[in-house]
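Q: Please take a close look at one part of this model, beginning with its charged side chains and moving on to the packing around them. A formal, connected account would be most useful.

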Amino acid sequence: MTTDSHHHVSEAQALFNPAFGAYLLASGINAAVKKAERPLPWPSAFLILPLVLPEDTRDSLPAKSTVTLMAWANDHPRLRAAFAERAAVLTDYTRASLRTAMRHHAVDVAASGLVCPRIPKPASAAPGEEVADCVRAATLVGRWLAVTDPTRAFTALGVRP
């Protein structure tokens with residue numbers, strides 16, 4: 001195995017580590033709760049990682065949440081077409097990440113959805129810019145999901161809830 005391929009394996013392992021997924025979910029859920037002042041509906045959590053982890057999707061997200069999820073999905077038909085498959089592939093990873101987040105008290109289940117009992121630490125660029133980019137994207141997606149009905153969000157992304 002070359003050093004370059006070893007780097008890619010390590011990068012993939014880091015991105016798909018349930019602790020990292022838990023951190024991204026907590027960041028997204030915290031942003032949603034902060035914006036909506038209510039828990040994030042449980043199904044919405046399954047949209048965060050498929051929008052954040054694939055680099056092409058993450059890079060296409062707007063810098064600010066003034067663009068709505070619906071408008072973004074409409075403007076990116078190629079990414080929307082691939083989203084259902086990505087969401088399905090990432091379902092088990094999202095579940096594992098949610099379990100990790102709950103086990104470590106980064107996310108709690110409330111009567112009407114998910115909340116963060118504590119604010120996730122902000123990402124620094126120290127471990128790599130990609131981590132900070134993922135956290136920024138998770139925060140944006142959380143804000144989107146705070147103002148978008150879960151059924152509408154799933155439908156806009158071509159996924160059945």
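**Salt bridges and helix packing**

A: R78 counts as exposed, because its relative accessibility is 59%; with a 1.4 Å probe and protein chains only, exposed means over 50% relative accessible area, buried means under 20%, and partly exposed lies in between. The model is a predicted one, in which local features need pLDDT of at least 70 and side-chain atom pairs count only at pLDDT 80 or more, whereas totals for chains, interfaces and linings use all residues. Residues are numbered from 1 along each chain as its sequence is written, and side-chain values use heavy atoms, with hydrogens and water left out.

The side chain of R78 meets that of D56 in a salt bridge, at 3.7 Å from N to O. This pair links distant parts of the chain, since R78 belongs to helix α6 (residues 77-103) and D56 to helix α4 (residues 55-60), 22 residues apart. Helices here are DSSP runs of H or I with at least four residues, strands are runs of E with at least two, and both are numbered from the N terminus. A salt bridge requires a side-chain nitrogen of Lys or Arg within 4 Å of a carboxyl oxygen of Asp or Glu.

D56 also forms a salt bridge with R86, at 2.9 Å from N to O. Because R86 lies in helix α6 and D56 in helix α4, the pair ties together parts that are 30 residues apart in sequence. D56, R78 and R86 are thus linked in a network of salt bridges. In exposure, D56 is partly exposed at 30% relative accessibility, and R86 is likewise partly exposed, with a relative accessible area of 23%.

Helix α4 takes part in a further pairing, in which the side chains of E130 and R58 meet in a salt bridge at 2.9 Å, N to O. With E130 in helix α7 and R58 in helix α4, this pair ties together parts that are 72 residues apart in sequence. E130 counts as partly exposed at 26% relative accessibility, whereas R58 is buried, at 7%. The structure holds six salt bridges.

The two partner helices, α6 and α7, lead on to helix α2. Two packed helices are described by the angle between their axes and the distance between the axes. Axes are lines fitted to C-alpha atoms, for helices over the stretch in contact, and angles run from 0 to 180 degrees between N-to-C directions. Helix α2 (residues 18-36) packs against helix α7 (residues 129-146) at about 40 degrees, with the axes 7 Å apart. The two are therefore oblique to each other; angles under 35 degrees count as roughly parallel, over 145 as roughly antiparallel, 65 to 115 as roughly perpendicular and the rest as oblique.

On the α2 side, the residues that meet α7 include F20, Y23, L24 and S27, and on the α7 side V131, C134, V135 and A138 are among them. Contact means heavy atoms within 4.5 Å. By class, the contact of α2 with α7 has 11 nonpolar, four polar and two charged residues; Ala, Val, Leu, Ile, Met, Phe, Trp, Tyr, Cys and Pro count as nonpolar, Asp, Glu, Lys and Arg as charged, and the others, Gly among them, as polar.

The axes of α2 and α6 come within 7 Å and cross at roughly 80 degrees, and these helices are therefore roughly perpendicular. P18, A19, F20, G21, A22 and L25 in α2 meet Y93, T94, A96, S97, L98, T100 and A101 in α6. This contact has nine nonpolar, four polar and no charged residues.

Within that contact, S97 of helix α6 is buried, at 0% relative accessibility. The C-alpha atoms of S97 and A22 are separated by 4.6 Å, although the residues lie 75 apart along the chain. Leaving aside residues up to four places away in sequence, S97 touches P18, G21, A22, L25 and L49. One of these, L49, is a buried residue of helix α3; eight of the eight residues of α3 (residues 45-52) are buried.
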